Amino acid sequence: KIKSYNFRVHIFALVRNPYKLLCSSIQEYIKCGFYINLNSFNQNPSNSLIKNVGLRSDIVEKLKLTFKKNIQFYSFENACKHNYGPAGFLIDKYLKLDPSLLEYSRINESLFNLTVRLQNEQNKLNPAILNDKSNPKYISLGQFNKYLSFSGKFLLTEKEFKNIEEIIHQENNKYLELTGINYKDELIKFSKPIIE
């Protein structure tokens with residue numbers, strides 16, 4: 001059907017650094033009221049949910065198998081460096097329009113490290129979904145986020161990362177093989193443990 005309209009189709013995907021994607025995905029799950037055992041206060045983190053939370057090389061592999069040489073992969077982080085962010089990058093690259101002519105809004109605001117960890121503990125005791133229904137007593141701590149900026153950006157601690165280091169290493173290798181994008185040499189940053 002697309003061919004019948006004589007459209008020129010450009011197939012592309014922005015691929016995000018696996019570690020950064022994982023941190024972002026964990027934060028989003030916690031913001032939505034779920035508890036994740038990977039990051040917690042001085043407990044032994046688990047990697048049991050890691051595949052469901054933030055790994056995407058299997059999707060990249062399916063895209064590559066489906067579209068073969070017709071798909072182009074770009075680094076999400078490089079696209080973010082565009083003056084107008086990833087949306088501006090795509091408007092510039094594919095629509096060949098001046099991205100400054102459009103208005104942009106940032107919707108997905110990050111929480112700070114301590115906010116995410118406190119919310120995770122809150123979710124453990126009082127999740128957003130209880131017995132397959134919305135929990136009316138659920139408490140979001142997002143309104144306190146501005147007071148916890150001193151704790152910095154949410155990242156895994158070094159101890160938490162050690163539990164999933166091999167998985168991230170495998171993802172980096174798969175991305176390099178599938179897309180040519182190399183995340184293997186990027187510096188991994190950690191948050192400081194809240195409780196030593």
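Buried means under 20% relative accessible area, exposed over 50%, and partly exposed in between, with a 1.4 Å probe and protein chains only. Keep that in mind for the exercises below.

This is a predicted model, where local features need pLDDT of at least 70, side-chain atom pairs count only at pLDDT 80 or more, and totals for chains, interfaces and linings use all residues. Residues are numbered from 1 along each chain as its sequence is written, and side-chain values use heavy atoms, with hydrogens and water left out.

**Exercise 1. Find Lys68 and say whether Lys68 is buried or exposed.**

Step 1: Go to the loop between helix H3 (57-67) and E2, where Lys68 sits. Helices (H or I, at least four residues) and strands (E, at least two) are DSSP runs, numbered from the N terminus.
Step 2: Look at the backbone: Lys68 is not a glycine, yet has a positive phi of about 50°.
Step 3: The relative accessibility of Lys68 is 54%, so Lys68 counts as exposed.

**Exercise 2. Work out which residues of H5 are buried, and what follows just after H5.**

Step 1: The buried residues in H5 are Gly85, Gly88, Phe89, Ile91 and Tyr94.
Step 2: Their packing partners are strand E1 (11-15), strand E2 (71-75) and H4.
Step 3: Just past H5 comes Lys96, with a positive phi of about 55°. Lys96 belongs to the loop between H5 and helix H6 (113-125).
Step 4: With a relative accessible area of 66%, Lys96 is exposed.

**Exercise 3. Trace the order of the elements and describe the chain as a whole.**

Step 1: The secondary structure comes to eight helices and four strands.
Step 2: Starting at the N terminus, the order is β-α-α-α-β-α-α-α-β-β-α-α.
Step 3: Along the principal axes, the C-alpha atoms fill a box of roughly 55 × 40 × 35 Å.
Step 4: Of the 196 residues in the chain, 38% are buried.
Step 5: Take the contacts (heavy atoms within 4.5 Å). Among those with a separation of 6 or more, 72% join residues 24 or more positions apart.

**Exercise 4. Locate the largest nonpolar core and name the element that gives the most to this core.**

Step 1: A nonpolar core is a set of buried Ala, Val, Leu, Ile, Met, Phe, Trp, Tyr and Cys residues joined through side-chain atoms within 4.5 Å.
Step 2: The largest one has 16 residues, and Tyr19, Ile26, Leu156, Ile164 and Ile168 have the most contacts inside it.
Step 3: At least two residues each come from H1 and helix H8 (165-179), and H1 gives the most, with five residues.
Step 4: Another core, of nine residues, lies apart from this one; among its members are Ala13, Ile71, Phe73 and Leu178.

**Exercise 5. Describe the lining of the largest pocket.**

Step 1: On a 1 Å grid over the protein atoms alone, a pocket is an open set of points where a 1.4 Å probe fits, with protein on both sides within 12 Å along at least five of seven lines; lining residues have an atom within 4 Å of a point.
Step 2: The lining has 25 residues, and Arg16, Phe76, Cys80, Arg106 and Asn108 lie nearest the centre of the pocket.
Step 3: Helix H1 (18-31), helix H4 (76-80) and helix H5 (85-95) are the elements that give two or more residues to this lining. The largest share, six residues, comes from H1.
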